[in-house]
Amino acid sequence: MPDSEFQRHQPFEPGLLFALETSCDETSVALLQNGREVLCNRVASQEELHARYGGVVPEIACRRHFEVIHPLLEEALEVAGKSFTDLDAIAVTHGPGLIGAVLVGVTVAKTLALSLDIPLLPVNHLEGHLFSPILEHPELKPPWISLLVSGGHTCLVLVEDWGSLKLLGKTRDDAAGEAFDKVAKMLQLGYPGGPRVQKLAAEGNPQAIDLPRPMRGQGYAFSFSGLKTAVHRVREQYSPADLCASFQQAVIDVLVEKTLQAAEEFGVQQVSLAGGVAANQPLRQALEQSCRQRGLSFYVPSFEYCTDNGAMIAMAGYQMARLGITATTGLDAHASLPLQAWRT
Ligand code: KG4
Ligand code: ZN
């Protein structure tokens, strides 16, 4: 990560913040006012474009981002009754993600920031998910434990302070969402898999199959590829509904157990859940219930802020501004990007 991508400023609080998200298969733009009010959050999903391939095709994703981003940002301003000259800062996802897709957002954001002469705020996509619960719960303040579960990532983070994120553990292979997608593919349920597995699981018995609980009792690392293989091995012997229900339960058990263990070890009273898999209703319920039983506060975004969206990038960008971290014109797109790359 070259130094020249970030620069330090006086901390500031942008009034009207415009955010762009293009890291995977959703083009999204949002307007956030005073770090509180989402004036607009527009998402153009590419789901139907990729569905016939059973997964995201990077080349197609880039082209579509390129086609829709300009109309989308003009539409967002119009809906909010604002114009380009009202903007105080631009936030953009600069990784991790599909490199060509990220590059579309970064290029548009750099051009806008330069031509409007306003600060550009560099956002790590995962930090977008991590800060997404604050959009609806401004009372959430460090320290807290965040469980981030998406299609590309699964990790537990201790938010020690606004500028201090500690990665406790991550997946060694497949992300939780990826495992949902692969199980759905195996059972020919279509793409994206998560919501389809959840739907079918509701008709099955979560105790029907004794599936492994990978990495249980082994710190904060996760592993989901063995679980997917275990489902594959018994797929002929059980109904798709029982396979989905038992698989989903195994994932939930591991995620909930490790999250609670982290809250206990670090003496934290607040827990949040974020990322695309946070849209999974049984996971939301299980973690909420376990937190309640232990007297912990639980925060999860509403569905629109779980899957990829511009509003969460705006919120994470707002936090960058409050830390006084902005991007230089050298800001680049990154396929992989550690949390808080600006600290390294
Ligand atoms: O955060 P996200 O929109 O994109 C990434 O950053 O990866 O997450 C997408 C992932 C996909 O793997 C999708 O199958 C999963 O979230 N997902 C779900 C549900 N809704 C979306 N997984 C389980 N249950 C759901 N209801
Ligand atoms: Zn995401």
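In this predicted model, a handy place to start is Trp-144, which, leaving aside neighbours within four places in sequence, touches Leu-130, Phe-131, Ile-134, Val-157, Leu-158, Val-159, Trp-162, Val-268, Gln-270 and Ser-272. Trp-144 also belongs to the largest nonpolar core, a set of 89 residues. Along with Phe-131, Phe-247 and Leu-273, Trp-144 is listed among the residues with the most contacts inside that core. Helix α8, spanning residues 240–265, chips in the largest share, with 14 residues. Both domain 1 (3–131 + 306–343) and domain 2 (141–300) give residues to this core, so the core sits between the two. Apart from this one there is a second, separate core of 27 residues, and Val-104, Val-106, Ile-118 and Leu-120 are among its members. As a general backdrop, nonpolar side chains tend to be buried together in soluble globular proteins.

Then there is the metal site. The zinc ion (ligand 2) has three protein donors, namely His-125 through NE2, His-129 through NE2 and Asp-308 through OD, lying 2.0 to 2.1 Å from the ion. Written along the sequence, the spacing of these donor residues reads H-x3-H-x178-D. His-129 is part of helix α4 (residues 125–131), while Asp-308 belongs to the loop between β11 (297–299) and α10 (310–323), so this pair ties together parts of the chain that are 179 residues apart in sequence.

How much of these two donors is left accessible? His-129 has a relative accessibility of 1%, so it counts as buried. Asp-308 is buried too, with a relative accessible area of 14%, because the cut-off for buried is under 20%.

Definitions and conventions. Residues are numbered from 1 along each chain as its sequence is written. Chains are lettered from A and ligands numbered from 1 in the order in which they are written. This is a predicted model: local features need pLDDT of at least 70, side-chain atom pairs count only at pLDDT 80 or more; totals for chains, interfaces and linings use all residues. Side-chain values use heavy atoms; hydrogens and water are left out. A nonpolar core is a set of buried Ala, Val, Leu, Ile, Met, Phe, Trp, Tyr and Cys residues joined through side-chain atoms within 4.5 Å. Buried means under 20% relative accessible area, exposed over 50%, partly exposed in between (1.4 Å probe, protein chains only). Helices (H or I, at least four residues) and strands (E, at least two) are DSSP runs, numbered from the N terminus. Domain bounds come from an automatic or database domain assignment. Contact means heavy atoms within 4.5 Å. Donors are N, O and S atoms within 2.8 Å of the metal (3.2 Å for Na, K and Ca); water is not among the atoms, so sites may look incomplete.
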